[in-house]
Amino acid sequence: MRRTLKAYLAFIYFFTLTVFIILSYKNLFDFKFIEITFLLFSLLVINNMSMFFNSMTEINTSMNLPVIIVAFFILNPFWAAVISAVGSVEFKFKKYGFVWYKFLFNRSIFFLAAAAGSLVFNFSYAKFNYPKFPFVSVALASLVYFIVNNFLVYLVIRVSERDVNNISLLSYFKELPKNLITSYFLGLALLSAYIYFGKILFLLVILLLFVIKDFFYSRLQQLNFYTQIIESFLKVIDSKDHYTEGHCERVAGCAYHLCREMELSRARAEKIVSIAKIHDIGKIYVDDNILTSSENLTDSEYEEIKRHSEYGYRLLKDIDILKDELKIILYHHERYDGKGYPEGIKAEAIPIGARILNVCDSFDVMLTGRSYKPPMTKLEIITELEECSGSQFDPEIASKMIKLINDGYFDDKFKSKEVIKELALSFEY
Ligand SMILES: [Fe+2]
Ligand SMILES: [Fe+2]
């Protein structure tokens, strides 16, 4: 373990202990047995039946907080913090192994976050006179709980992982406002259920939340499953055609940059990138000899290769989750001017994902070369993209691609003139 991590953990344990002692001083005997047991039980159930587990590197407190909000309202800061710390225990040790310092760290951050949240709740509740319902206090307390919890987790990631990059942390924090808002409203729902209708409705609301969560969970599993399928398809494609090994993966990488440059929504970009990874899946139906032939292909052989986009589409068209974007596979060899295949559709009639893939696909061929032609240099590729803009390629996408190349996105992939000359010689047999 790194020294800074040790020091950080020691500090957190010590600080938590101090807060524990200070808070217990007045509050220890203000013990509401039924409420504490009830909330503790709810929290334990939620945390152990839930997919949103709070490990040291995962920032997700969205299901804990709504119950803690109820605790802010009915318990003092000490007991709210205690049930937050104990209620977040997960009994998954068999699966992940029990690591005492992680366990203690998690208890500490849940204790500290709830203690801070509860203090803010009580302070603001006393300060402002509410007509009826503590909307503001719940908001303030949730915010403080969130900030404390996530900031302490952020620090532990920073000190424990050397090569954590800023972008991944930034994207963590980008998700937080969404989580906070969800938690806030769920918390309000739970609190009003508790205040106005008692414990039974509170339990019903929790039950309802589980149904919703289960729904999301099964969606997520489906997505996972689908990524695994894609990955195994990728292996199949690569093993079929060694010459284009890694081609789909590279096209996907390029599509990722282009989608960002085109400012497509994240969901859309993710789908396009996933499809890019398997866009040539139809090649598994094409005869190996044709696919790997280094001699000139006959017309009928060429026609057979061209059918791979249709084969791929037909193979996958019954998978529900892919449905909307599958046309990308079918049309990834269509040209902007309508001279492509299989249907010869034109311009905007070609789905945007397919137009993006077309550029990336050609880019990869130019970059890596094929049995019939050597790779091209950076300059040659830019010229080619310019020349084919409006004919083969969508002009807007081609210009974005040129911009990406000029900005140096693919600089590590271009081959130098000397290397290409050598390669070109080996192509002449
Ligand atoms: Fe293709
Ligand atoms: Fe391709």
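Visitor: Which residues coordinate the iron ion (ligand 2)?

Guide: In this predicted model, four residues do the job: His-247 and His-279 each through NE2, and Asp-280 and Asp-361 each through OD. The distances run from 1.9 to 2.3 Å.

Visitor: How are those donors spaced along the chain?

Guide: Their pattern reads H-x31-H-D-x80-D. His-279 sits in the loop between helix H10 (266-277) and helix H11 (288-292), while Asp-361 belongs to helix H15 (residues 352-368), so this pair ties together parts that are 82 residues apart in sequence.

Visitor: What geometry does the site of the iron ion (ligand 2) have?

Guide: Here is the general idea to start from. Ideal angles are 109.5 degrees for four tetrahedral donors, and 90 or 180 degrees for six octahedral ones. In this structure, the angles among the four donor atoms span 85 to 171°, and the site is irregular.

Visitor: Which residue bridges the iron ion (ligand 2) and the iron ion (ligand 1)?

Guide: That is Asp-280, and the two ions lie 3.3 Å apart.

Visitor: Is His-279 buried or exposed?

Guide: The general idea is that a residue under 20% relative accessible area is called buried. His-279 has 0% relative accessibility, so it counts as buried. Asp-361 is buried too, with a relative accessible area of 8%.

Visitor: Now for the surface. Which residues make the nonpolar surface patch?

Guide: Phe-128, Phe-135, Val-136 and Leu-140 make it, and the patch covers about 350 Å². Take Phe-128 as an example: you will find it in the loop between helix H6 (100-127) and helix H7 (135-160). With 41% relative accessibility, Phe-128 counts as partly exposed.

Notes
Residues are numbered from 1 along each chain as its sequence is written. Chains are lettered from A and ligands numbered from 1 in the order in which they are written. This is a predicted model: local features need pLDDT of at least 70, side-chain atom pairs count only at pLDDT 80 or more; totals for chains, interfaces and linings use all residues. Side-chain values use heavy atoms; hydrogens and water are left out. Donors are N, O and S atoms within 2.8 Å of the metal (3.2 Å for Na, K and Ca); water is not among the atoms, so sites may look incomplete. Four donors count as tetrahedral if all angles lie between 85 and 135 degrees; four count as square planar and six as octahedral if opposite donors are over 155 degrees apart and all others between 65 and 115; anything else is irregular. Helices (H or I, at least four residues) and strands (E, at least two) are DSSP runs, numbered from the N terminus. Buried means under 20% relative accessible area, exposed over 50%, partly exposed in between (1.4 Å probe, protein chains only). Patches are made of residues with over 30% relative accessible area and no salt bridge: like charges are joined within 9 Å, nonpolar side chains (Val, Leu, Ile, Met, Phe, Trp, Tyr) within 5 Å. Accessible areas come from the Shrake-Rupley method with a 1.4 Å probe; for residues, only the protein chains shown count as cover. A salt bridge is a side-chain nitrogen of Lys or Arg within 4 Å of a carboxyl oxygen of Asp or Glu.
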